[in-house]
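Trainee: I have a structure open here and would like to go through it with you. Could you take my questions as they come?

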Amino acid sequence: MLEFLSGAIALVIVLLLMPGFIRFAKERGMIQPGYDLGPDSFKKKAKPPNMGGLVIAFAVLVSALITGVVSGTADKVMLLMLAALGCLAIGFADDYIKDVQQHHDGLKPRYKLIGQTLVGLVFSLIAANLLGTAIHLPFTKTTLELSYAYVPSMTLLFVFMTNSANLQDGVDGLMGSVTMVGSAALGAIAVIIAGGSLGNPAIAYTCFALCGASLGFLFFNQHPAKIYMGDTGSMFIGGLLTGAAMLLRLQLWLLPLCFTMIISSLSVIAQRLYFKASGGKRLIKMSPLHHHFEMSGWSENTIARRYTLLILLLSVIAALAAIPIAP
């Protein structure tokens with residue numbers, strides 16, 4: 001029951017605080033500068049304020065801590081929040097430079113990469129020390145021992161996933177929708193395998209808090225959006241989901257649960273490689289992939305709905321893959 005309470009608390013916090021935050025952000029001009037390379041639909045529509053991810057993060061933190069204190073797992077909640085809040089700080093710095101200081105480029109890519117690497121490295125070292133260096137394999141009780149490859153591979157995973165989450169956030173309602181489903185699924189999986197890894201209850205509470213906060217955010221972010229979550233929110237989400245998967249030793253489960261985020265990154269990489277190899281031709285109309293669909297005539301609501309249905313289907317498969325791990 002605490003899992004559902006955690007989600008409900010986060011939902012209520014977002015619903016109560018977001019209207020005031022939207023007014024606050026508008027008054028201070030916290031609006032991301034225009035982007036000339038975006039799709040025409042993005043250029044034409046009114047720009048709502050940014051950095052709504054601060055409210056999402058606050059709601060998740062408060063809700064997870066309340067349920068963590070009640071259950072005696074607050075220390076494990078804070079361990080997971082180390083990853084999420086570390087990524088939030090990087091995203092906040094980027095958003096602050098873009099939205100408040102009105103510098104379009106934001107935080108320089110090398111500084112963003114350094115920050116993500118440091119957060120990923122520290123968290124990987126902590127996870128290796130607490131849990132060892134083996135990870136679960138889907139549909140089996142078998143584990144794969146990564147040994148000395150664990151820390152570098154997990155650090156790379158952390159950087160890749162936080163950037164993937166950031167790239168996914170480009171259509172009204174999209175990031176909130178897929179996060180709501182994916183985080184609920186990961187929370188349910190944490191319940192399924194409860195007792196098998198460190199802090200499963202705490203991870204479940206935090207994931208369900210993220211689900212509730214994402215649902216609340218959708219009331220304000222569904223098309224036409226009244227607020228964006230910004231890099232602050234997307235990197236917080238990427239860090240939290242990756243950190244949760246690492247603490248559960250379910251890193252491979254990120255593939256189905258965060259599939260659309262991963263595809264966003266892969267589409268950008270493929271587009272750039274093909275562009276260089278072909279002498280300037282494009283593999284798809286625009287990357288990330290959701291912009292390709294947008295330029296192909298899909299509405300923002302259609303993109304969000306179809307991506308969410310895909311994650312819902314893959315979440316069922318991910319849950320089935322975790323059943324053999326249950327004690």
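Trainee: Which residues does Trp253 touch, leaving out residues up to four places away in sequence?

Mentor: Not counting those neighbours, Trp253 touches His136, Leu137, Pro138, Ile189, Ala318, Ala321, Ala322 and Ile325, where contact means heavy atoms within 4.5 Å. Keep in mind that this is a predicted model, in which local features need pLDDT of at least 70 and side-chain atom pairs count only at pLDDT 80 or more, while totals for chains, interfaces and linings use all residues. Residues are numbered from 1 along each chain as its sequence is written, and side-chain values use heavy atoms, with hydrogens and water left out.

Trainee: And how many residues has the largest nonpolar core?

Mentor: The largest nonpolar core has 88 residues, and those with the most contacts inside it are Met18, Val60, Tyr150, Phe236 and Trp253. The largest share of this core, ten residues, comes from H9. A nonpolar core is a set of buried Ala, Val, Leu, Ile, Met, Phe, Trp, Tyr and Cys residues joined through side-chain atoms within 4.5 Å, and buried means under 20% relative accessible area, with exposed over 50% and partly exposed in between, for a 1.4 Å probe and protein chains only.

Trainee: New topic: where is His290, and is it buried or exposed?

Mentor: His290 has its place in helix H12, residues 289-295; helices are DSSP runs of H or I with at least four residues, strands are E runs of at least two, and both are numbered from the N terminus. His290 counts as buried because its relative accessibility is 0%.

Trainee: What does His290 touch?

Mentor: Setting aside residues up to four places away in sequence, the contacts of His290 are Leu167, Gln168, Gly170, Val171, Leu174, Ser264, Ile303 and Tyr307.

Trainee: Back to helices, then: why does the span of H5 agree with what it should be?

Mentor: The expected span is 1.5 Å times one less than the number of residues, so the 23 residues of H5 (109-131) should span 33 Å, and the end C-alpha atoms are 32 Å apart, which agrees. H5 is followed by Gly132, whose phi is positive, near 90 degrees.

Trainee: What covers the buried residues of H5?

Mentor: The cover includes helix H4 (74-100), helix H6 (150-168) and helix H9 (230-248). Among the buried residues of H5 are Lys112, Val119, Phe123 and Leu131.

Trainee: Last one: where is Asp172, and how far is it from Ile227 in space?

Mentor: Asp172 is found in the loop between H6 and helix H7 (174-192), and it is buried, with a relative accessible area of 3%. Asp172 and Ile227 are 55 residues apart in sequence and 9.2 Å apart in space, C-alpha to C-alpha.
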